[in-house]
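User: I should like to go through this model and ask how its descriptions are justified.
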Amino acid sequence: MEFDELVAVAWEAREMAYAPYSKFAVGAALLSADGRIFRGCNVENLSYGLTQCAERTAICAAVAAGVRDFVMLAVVADTAVPISPCGACRQVMAEFGVPRVILANRASRLEFSLEELLPRSSAGILDRDE
Ligand code: THU
């Protein structure tokens with residue numbers, strides 16, 4: 001699986017975004033260890049706080065399908081600089097150990113490890129050591 005292919009699926013997923021309030025469409029594509037790709041888009045709500053980001057939509061779709069072992073997550077938006085996942089999504093990525101994250105706009109892409117995006121995500125909690 002090449003980056004290009006995963007990013008292309010994320011752009012497709014973005015077409016499904018339900019973003020009538022922000023008008024800001026985000027797409028995500030999550031590659032699992034067994035080679036499957038799970039799609040996500042943002043799903044907004046009139047009660048704004050209920051909005052689900054594209055990243056969490058993709059992770060929840062995978063988990064609901066019984067898949068919890070991930071390789072890489074691509075996130076795309078039509079922005080001037082590549083999008084940056086919110087803190088809540090970073091914490092959910094940490095919960096399932098999404099190891100690599102690609103952030104892309106139309107022109108460029110950045111790659112981060114989970115540790116770069118959210119250092120010490122679980123240290124100390126319930127006596128975890130990392
Ligand atoms: N959003 C995402 O889906 N992912 C991100 O990484 C950042 C923000 C969504 C949430 C909301 O629907 C819209 O973008 C504006 O914040």
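User: What makes the approach of the side chain of Asn42 to the ligand a polar contact?

Analyst: The model is predicted; local features need pLDDT of at least 70 and side-chain atom pairs pLDDT 80 or more, while totals for chains, interfaces and linings use all residues. Residues are numbered from 1 along each chain as its sequence is written, and side-chain values use heavy atoms, without hydrogens and water. An N or O atom in the side chain of Asn42 is 2.9 Å from an oxygen atom of the ligand. A polar contact is a pair of N or O atoms within 3.5 Å, so the pair qualifies.

User: Which distance applies to the side chain of Glu55 and the ligand?

Analyst: A polar side-chain atom of Glu55 is 2.5 Å from a ligand oxygen atom.

User: Why are α2 and α3 called roughly parallel?

Analyst: The axes of α2 (residues 54-64) and α3 (residues 87-95) cross at roughly 25° and come within 9 Å. Axes are lines fitted to C-alpha atoms, over the stretch in contact for helices, with angles from 0 to 180 degrees between N-to-C directions. Angles under 35 degrees count as roughly parallel, and α2 and α3 are therefore described in that way.

User: Which residues of α2 make the contact with α3?

Analyst: Glu55, Arg56 and Ile59 do so; contact means heavy atoms within 4.5 Å.

Methods. Helices (H or I, at least four residues) and strands (E, at least two) are DSSP runs, numbered from the N terminus. Angles under 35 degrees count as roughly parallel, over 145 as roughly antiparallel, 65 to 115 as roughly perpendicular and the rest as oblique. A polar contact is a pair of N or O atoms within 3.5 Å; within protein, one must be able to donate a hydrogen and the other to accept it, and residues adjacent in sequence count only if both atoms are side-chain atoms.
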